[in-house]
Structure formats: C-alpha cells, structure tokens
Amino acid sequence: MDLQSAQLNTQSPVILKLKAKLNSANMPEDFAEKINSDLTKLDILLKSNTLSAEVESNINYLNFIAELPWNKESLDILDLKRVAQILNKNHYGMELIKDRILEYLSILILNKQKNQKPHQPVLAFVGLVGSGKTSFAYSIAESLGRPIVRIPFGGLGSALQLRGE
C-alpha cells in the first residue's frame with residue numbers, strides 16, 4: 001500500500017518524512033492500513049499545535065515500525081540433536097522447558113516436511129529476573145542459526161500501550 005495516497009491534509013515535514021520511511025519498509029498490506037490510520041492520528045495531533053508526549057510517542061513508534069526488517073527471512077537449521085546439544089551445553093537442569101522447546105521445534109520440522117504453511121505460535125517465557133529467559137532465547141537462536149536482537153520491554157515506553165490494553 002502506498003502511504004503517499006493517505007488522506008492527509010498536511011504538508012508537515014514530519015509526516016512527509018515518516019511516509020517516505022514507511023513506504024520503503026515493504027510491510028504487509030493489512031498492517032500498512034493500520035499504520036495509515038496512525039499517520040492520520042499523528043497529523044491531527046500535529047495540527048492541534050500542542051506538543052505532547054503522545055506526539056513524540058507516535059513519532060517514535062512509527063520510526064520503530066519503519067526500521068523493522070519486514071519480509072526478511074533466515075533459513076533455520078532444524079536439527080533436533082543440535083538444539084538438544086546446545087540447550088544442554090548452555091542450561092543445566094530445566095528439563096521441562098528444554099522438552100517444550102524441542103517439542104515446538106519438532107512441530108516446525110513436521111510442518112516443513114509436509115510443505116504446510118508454517119504456523120509458528122509465540123514461545124513466551126515468564127519468570128523472575130535472572131531465571132534464564134533471555135539466555136534460553138539466545139540458545140534457541142544459536143541452535144536455529146537465527147540472528148537475535150534483544151529489545152528490553154521496559155525501555156520502549158508505556159507497558160500498557162505496548163501490551164495493547
């Protein structure tokens with residue numbers, strides 16, 4: 001979707017710059033429509049001439065969305081023995097969690113062998129600080145041969161807004 005055709009009645013340099021960045025992002029069509037409404041909301045906020053935290057928050061959000069690696073894929077190394085070896089090397093105990101990760105990856109392998117469209121639910125790790133959530137994520141990425149970027153949740157702004165309340 002071409003965000004240049006958005007129904008925005010302003011020539012604000014901020015809006016024009018964001019539209020250009022978002023157009024080059026190659027995001028999915030349905031998500032681009034949502035971003036289009038966010039641009040309209042930002043346009044209204046900018047026209048009100050009140051520089052609030054909401055304006056800055058919206059600009060930061062749209063810049064973040066524009067910088068995401070849309071439509072970029074990496075080939076996974078789907079080898080359960082390799083995954084088990086890396087998990088055992090990096091983590092002592094925690095057999096329930098390691099078994100769940102291996103189960104998750106075995107489903108991915110079966111779906112790939114059947115040439116089914118991959119349905120990849122999210123693995124959510126919940127626990128206290130220092131319980132190994134991030135190190136498990138790094139181990140999974142290492143075993144699959146995927147790059148990983150750590151984005152601390154607390155530093156992204158309002159937790160309620162990020163969770164979608």
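**Exercise 1. The largest core**

Which residues have the most contacts inside the largest nonpolar core?

*Solution.* Start with the ground rules. This is a predicted model, in which local features need pLDDT of at least 70 and side-chain atom pairs count only at pLDDT 80 or more, while totals for chains, interfaces and linings use all residues. Residues are numbered from 1 along each chain as its sequence is written, and side-chain values use heavy atoms, without hydrogens and water.

Step 1: fix the terms. Buried means under 20% relative accessible area, exposed over 50%, and partly exposed in between (1.4 Å probe, protein chains only). A nonpolar core is a set of buried Ala, Val, Leu, Ile, Met, Phe, Trp, Tyr and Cys residues joined through side-chain atoms within 4.5 Å.

Step 2: read off the core. It has 15 residues, and those with the most contacts inside it are Leu18, Leu22, Met27, Ile35, Leu39, Leu42 and Leu62.

Step 3: place it. At least two residues of this core come from each of helix 1 (13-23), helix 2 (29-47) and helix 3 (53-67). Helices (H or I, at least four residues) and strands (E, at least two) are DSSP runs, numbered from the N terminus.

Step 4: look for a second core. Another one, of 9 residues, lies apart from it; Val83, Tyr104, Leu105 and Leu144 are among its members.

**Exercise 2. Two sides of helix 4**

Find which residues of helix 4 are buried and which are exposed on the other side.

*Solution.* Step 1: helix 4 spans residues 80-90, and its buried residues are Val83, Ile86 and Leu87. They sit on the same side of the helix because they cover an arc of only 100° around the axis. That arc is taken from the directions from the helix axis to the C-beta atoms.

Step 2: turn to the other side. Lys81, Gln85 and Lys89 are exposed there.

Step 3: find the partners. The buried residues of helix 4 pack against helix 5 (95-113) and helix 6 (133-144). Contact here means heavy atoms within 4.5 Å.

Step 4: check the N-terminal end. Aspartate 79 caps it, with a side-chain oxygen 3.3 Å from the backbone nitrogen of lysine 81. A polar contact is a pair of N or O atoms within 3.5 Å; within protein, one must be able to donate a hydrogen and the other to accept it, and residues adjacent in sequence count only if both atoms are side-chain atoms.

**Exercise 3. A serine in helix 6**

Is serine 143 buried or exposed?

*Solution.* Step 1: serine 143 lies in helix 6. Its relative accessible area is 0%, so it is buried.

Step 2: list its contacts. Not counting residues up to four places away in sequence, serine 143 touches Ile77, Arg82, Val83 and Ile86.

Step 3: follow its side chain. It reaches the backbone oxygen of isoleucine 140 at 2.8 Å.

**Exercise 4. Aromatic pairs**

How many aromatic pairs are there?

*Solution.* Step 1: rings of Phe, Tyr and Trp (its six-membered ring) pair if their centres lie within 6.5 Å; planes under 30 degrees apart count as stacked, over 60 as edge-to-face and the rest as tilted. The count is 2 aromatic pairs.

Step 2: phenylalanine 31 and tryptophan 70 form a tilted pair, 5.2 Å centre to centre with 40° between the planes.

Step 3: phenylalanine 125 and phenylalanine 136 have ring centres 6.1 Å apart and planes at 25°, so this pair is stacked. Phenylalanine 125 is partly exposed at 29%, whereas phenylalanine 136 is buried at 2%.
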